[in-house]
Amino acid sequence: FQGRSAVRLLTESESDAATIVTAGTGSGKTYCFYLPALTEIAAQVARGAQHTQALALYPRVELLKDQLREAVGLTERLGAVLCERSARAIRIGVYYGDTPHNWAHLNGERRPKTWQSVAGGYACPYLRCTKCGSSLAWLESDAVAGEERLRCTAGRCDGVVSNVVLTRDRLKQLGCDLLFITTESLNARMTEKGLRH
């Protein structure tokens, strides 16, 4: 069903037809959306697109986190293929209640409580290292250098995630190709001019 849905979505992308995939829990339905979506996003990025190509809309934060992990893992595994077609990596954005405005927001009194302080930075509440499963952290040294990247906190691993936009300010400034957002956040932000792109 993954192959059939991918072929249908990639060959009939110009039509108004919808595709519904039904299969058991844990059978791989997520790939039915993300494989064709990432293929099309890579093509758009190669043509110079600088705006959001796809929304991954979820009613609950926990489901968003789970699906985000899958998508980040896919972009890492498909990285070599996508880099051949793209001038840059696919940027993934995350926007829901715990998305900080910027680094200073994490250091402030109103910091989202899910971003726990760790040595030299803050642990990301929605991603784990795709190599070893340990926590990922946004380090102050990267923030000072103007980088939004997550590094594995395990001493034995060199895992880095650099294609996820971590803050609301950066999303407004830079945008992303694939945006993970909750229905509540989408509803609350639809009228904000700075986020329309």
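Let's start at Lys65, which sits in helix H3. Helices here are DSSP runs of H or I with at least four residues, strands are E runs of at least two, and both are numbered from the N terminus. Before going on, note that this is a predicted model, where local features need pLDDT of at least 70, side-chain atom pairs count only at pLDDT 80 or more, and totals for chains, interfaces and linings use all residues. Residues are numbered from 1 along each chain as its sequence is written, and side-chain values use heavy atoms, with hydrogens and water left out.

Is Lys65 buried or exposed? Buried, because its relative accessibility is 10%. The cut-offs: buried means under 20% relative accessible area, exposed means over 50%, and partly exposed is in between, with a 1.4 Å probe and protein chains only. What does Lys65 touch, beyond its neighbours within four places in sequence? Tyr96, Pro125 and Tyr126. Contact here means heavy atoms within 4.5 Å.

Now the sheet. It is open, has 4 strands, and runs in the order E1-E9-E2-E8 with parallel pairing. Two strands pair if DSSP finds at least two bridges between them. At the edges are E1 and strand E8 (164–165), each pairing on one side only. Take E2 (residues 92–95) and E9 (residues 178–182): they share 4 bridges in the parallel sense. One bridge joins Ile92 to its partner in E9, Leu178.

Back to H3, residues 61–77. This helix packs on the sheet and touches E1, E2, E8 and E9. Its direction makes about 165° with that of E9. Helix H2 lies across E1 and E9, and runs at about 150° to E1. For these angles, axes are lines fitted to C-alpha atoms, for helices over the stretch in contact, and the range is 0 to 180 degrees between N-to-C directions.

Next, the hairpins. Strand E4 covers residues 121–128, and 7 of its 8 residues are buried. E4 pairs with strand E3 (residues 116–118) in the antiparallel sense, over 3 bridges. Gln116 has Ala123 in E4 as its bridge partner. Between E3 and E4 there are 2 residues, and Gly120 in the turn has a positive phi of about 85°.

E4 also pairs with strand E5 (residues 135–139), again antiparallel. This time there are 4 bridges. Here Tyr122 is matched with Trp138 in E5. The hairpin of E4 and E5 has 6 residues between the strands, and Gly133 takes a positive phi near 85°.

On to Val161, in strand E7 (residues 160–161). Val161 counts as buried because its relative accessibility is 4%. Beyond its neighbours within four places, its contacts are Val72, Glu76, Leu127, Leu136, Arg149 and Leu150.

Last, the largest pocket. How many residues line it? The count is 28, and Leu9, Cys32, Phe33, Pro36 and Ala37 lie nearest its centre. H1 (2–11), H2 (29–46) and E1 (54–58) are the elements giving two or more residues to that lining. H2 gives the most, with 9. A pocket, on a 1 Å grid over the protein atoms alone, is an open set of points where a 1.4 Å probe fits, with protein on both sides within 12 Å along at least five of seven lines; lining residues have an atom within 4 Å of a point.
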